[in-house]
Amino acid sequence: MKSSPDASRRAGHAAFTLIELLAALAVASVLILLISFGVGSARKQMQNATCVQRLRALGGALFAFAGDHQGRLLPRSHGLYREEGEENIPEIDRPWVNRLIRENYASPDILYCPAFTPFRNDNAATPLPVKGKYQTYGLRVWTLPGTVGFWPDKTREELKPLSAIENPADFFIVADSIWTHPAYLSQGYGLTPGLDSEQFVHLRHAGRANALFADGHVEAKPASYFAELHKPDRQAAYSGGQQLKFGITDRMDWPAGRK
C-alpha cells in the first residue's frame with residue numbers, strides 16, 4: 001500500500017524537525033562550553049589582577065617600613081636567633097606580616113592570593129594578630145653578599161639594607177607560595193633556599209608565580225626563573241655563596257577551604 005503525498009510530507013517534516021533539534025542541541029552545547037571557558041578565563045584573569053594589586057600593596061608596605069628603618073628590609077622572622085641579653089623582640093612581632101599589620105603598614109586583606117584558598121592560620125605555632133586569615137605569600141630569606149655560609153649565619157633573620165641588593169629589578173622579595181610544615185599547612189610566610197621540601201614558590205597562575213621585586217615592580221615568572229637562582233652566576237651570593245635551591249610546585253590539590 002502506497003503512502004499518501006500528505007503522509008510523506010508529514011514524515012519528512014518530522015524528520016527534519018528532529019535533525020533541527022539535534023543540531024540546536026549541539027550548537028547550545030558548544031555555546032555553553034564557550035561561555036564556561038570564557039567565564040573561567042575571566043575569573044582567572046581577575047584573580048591574577050587582584051594578586052598583582054595585593055603584591056604591589058605589600059611592596060608599598062615593605063618599602064614604607066624600610067623608609068622608617070634606615071632603608072632596611074624586614075626579614076621573615078626578625079630576631080629569631082638573637083642571644084639572651086640582646087635587644088628583645090616579642091615573639092608576636094617577629095613574623096614579617098605581624099610587624100606590618102601591628103604597626104599599621106598593611107591590612108590583613110592583602111596577605112592572600114584569591115587564586116588559591118588554603119588552610120587557615122588557626123593551628124599556626126606563632127601567635128598571629130590575623131588569626132583565622134589566609135596567608136599565601138612568602139617573604140624571601142637571604143643574606144648579605146659576602147656572607148660566608150647561609151645556615152651558620154644568623155643575620156638572615158635581621159634587618160638588611162635594600163642598597164645591598166645589586167640588581168633590584170631581578171631580585172624577588174615576595175612571591176606566591178605555600179608552606180607544608182605541619183604547623184603552617186599550606187600557608188605562605190617564608191621562602192627559604194635549601195628548604196625545598198616544605199617551602200614552595202607556587203606556580204598558581206597558568207604555570208607562573210607572581211613575584212614582587214626589590215625595585216617595586218610585580219611580574220609573573222615561570223619555574224625556570226626560580227630554578228636558576230641558586231647558581232653562582234645568578235644569585236648564590238645571597239645564600240652565603242651556597243647553591244641552595246628554592247622549592248617550586250604547581251600543585252593545586254593541597255587541602256583547601258578548611259575553616
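Let me start with Ile173. In this predicted model, Ile173 touches Leu62, Phe63, Leu73, Gly138, Leu139, Arg140, Leu212, Phe213 and Ala214, and that list leaves out residues up to four places away in sequence.

Next, the core around that residue. The largest nonpolar core has 32 residues. Ile173 is one of the members that touch the most other members, together with Leu55, Leu58, Leu62, Trp96, Leu100 and Val174. Where do the core residues come from? At least two residues each are supplied by helix 1 (5-67), helix 2 (96-102), strand 2 (137-140) and strand 4 (172-179). Helix 1 gives the most, with 7 residues. There is another core apart from this one, made of 12 residues, including Ala175, Leu203, Phe213 and Leu229. Phe213, a member of that other core, is also on the contact list of Ile173.

Now the chain as a whole. How many helices and strands does the protein chain have? The count is 3 helices and 9 strands. Read from the N terminus, the order is α-β-α-β-β-β-β-β-β-β-α-β. The protein chain has 259 residues, and 44% of them are buried. As for contacts, take those with a separation of 6 or more: 70% of these join residues 24 or more positions apart. On the outside, the accessible surface of the protein chain is about 13100 Å², and carbon and sulfur atoms account for 58% of that.

A single residue next, His69. Where does His69 sit? His69 is in the loop between helix 1 and strand 1 (72-73). Is His69 buried or exposed? His69 counts as buried because its relative accessibility is 15%, and the cut-off for buried is under 20%. Setting aside neighbours within four places in sequence, His69 has contacts with Arg99, Glu103 and Tyr105. Of these, Arg99 falls within the range of helix 2 (96-102).

Last, a pocket. The second largest pocket has a volume of about 150 Å³. Which residues line the second largest pocket? They are Lys44, Gln45, Gln47, Asn48, Ala115, Arg204, His205, Ala206 and Met252. By type, this lining divides into 3 nonpolar, 4 polar and 2 charged residues. Lys44, Gln45, Gln47 and Asn48 from that lining have numbers inside the range of helix 1 (5-67), the helix that also gives the most residues to the largest core.

Conventions: Residues are numbered from 1 along each chain as its sequence is written. This is a predicted model: local features need pLDDT of at least 70, side-chain atom pairs count only at pLDDT 80 or more; totals for chains, interfaces and linings use all residues. Side-chain values use heavy atoms; hydrogens and water are left out. A nonpolar core is a set of buried Ala, Val, Leu, Ile, Met, Phe, Trp, Tyr and Cys residues joined through side-chain atoms within 4.5 Å. Buried means under 20% relative accessible area, exposed over 50%, partly exposed in between (1.4 Å probe, protein chains only). Helices (H or I, at least four residues) and strands (E, at least two) are DSSP runs, numbered from the N terminus. Contact means heavy atoms within 4.5 Å. Accessible areas come from the Shrake-Rupley method with a 1.4 Å probe; for residues, only the protein chains shown count as cover. On a 1 Å grid over the protein atoms alone, a cavity is a set of points where a 1.4 Å probe fits but cannot get out, and a pocket is an open set with protein on both sides within 12 Å along at least five of seven lines; lining residues have an atom within 4 Å of a point. Grid points are joined across faces, edges and corners, and a volume is the space filled by probe spheres set on the points. Ala, Val, Leu, Ile, Met, Phe, Trp, Tyr, Cys and Pro count as nonpolar, Asp, Glu, Lys and Arg as charged, and the others, Gly among them, as polar.
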